[in-house]
Amino acid sequence: MRLKRYSILLFAILTTYLTSGQVGINILIPDSSAVLQLESTKKGLGLTRLTRAQRDSIVKPLRGLTIFNVQDSVIEYWNGDCWLRTYEKNCYECRINLFNPKPVDTLDRVVADSVVTNITVNRLNGNQKTTLAIIATPPKGVSVYFG
């Protein structure tokens, strides 16, 4: 009789936890606000590791889908419109990179009166106009032009 009572109690406890829709790993009772709760003092969570091409090939990603972008070494999530880095607020924040394919030396008036270089600005995110400004004061007699 006692064994039957314990079996019924164990069945009731298991049924409660299994039907609650919660999973706990290394934790007996997950917090009621979490569907999945992980606990560890020696390990972390490993997110899916994808390249940009692999990430972009996901058809209809779930809003909130989160990945680790191995090319940029950053965690990104799908907000329903675009992939955002965890620190970005929306798809319209402008993110650019500058590229100088042929770096030149410093201006030397003895050798040449001018130095010409091209700087390529690539917009990686956002749709705003991009303004490039030099935040420095050139030496007296030196001018900077944008063409």
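**Exercise 1.** In this predicted model, determine which residues are linked with Asp72 in a network of salt bridges.

*Solution.* Step 1. Asp72 forms a salt bridge with Arg52, and the closest N and O atoms are 2.8 Å apart. Arg52 belongs to helix 2 (residues 52–56), while Asp72 sits in the loop between strand 4 and strand 5 (74–78), so this pair ties together parts that are 20 residues apart in sequence.

Step 2. Asp72 also forms a salt bridge with Arg85, with the closest N and O atoms 3.3 Å apart. Arg85 lies in strand 6 and Asp72 in the loop between strand 4 and strand 5, so parts 13 residues apart in sequence are tied together.

Step 3. The network therefore consists of Arg52, Asp72 and Arg85.

**Exercise 2.** Classify Arg52, Asp72 and Arg85 as buried, partly exposed or exposed.

*Solution.* Step 1. The cut-offs are under 20% relative accessible area for buried and over 50% for exposed, with partly exposed in between.

Step 2. Arg52, at 35%, is therefore partly exposed, and Asp72, at 25%, is also partly exposed.

Step 3. Arg85 has a relative accessibility of 14%, so Arg85 is buried.

**Exercise 3.** Find the disulfide and state its handedness.

*Solution.* Step 1. A search of the whole structure gives one disulfide. Cys82 and Cys91 form this bond, with their sulfur atoms 2.1 Å apart.

Step 2. The torsion about the S-S bond of Cys82 and Cys91 is about -105 degrees, so the disulfide is left-handed.

Step 3. Cys82 is buried at 13% relative accessible area, and Cys91 is buried at 12%.

Notes
Residues numbered from 1 in each chain as written. Predicted model: local features only at pLDDT ≥ 70, side-chain atom pairs only at ≥ 80, totals over all residues. Heavy atoms only, no water. Disulfide = S-S within 2.5 Å. Buried < 20%, exposed > 50% of the residue type's maximum accessible area, 1.4 Å probe, protein only. Salt bridge = Lys/Arg side-chain N within 4 Å of Asp/Glu carboxyl O. Helix = DSSP H or I, 4+ residues; strand = E, 2+ residues; numbered from the N terminus.
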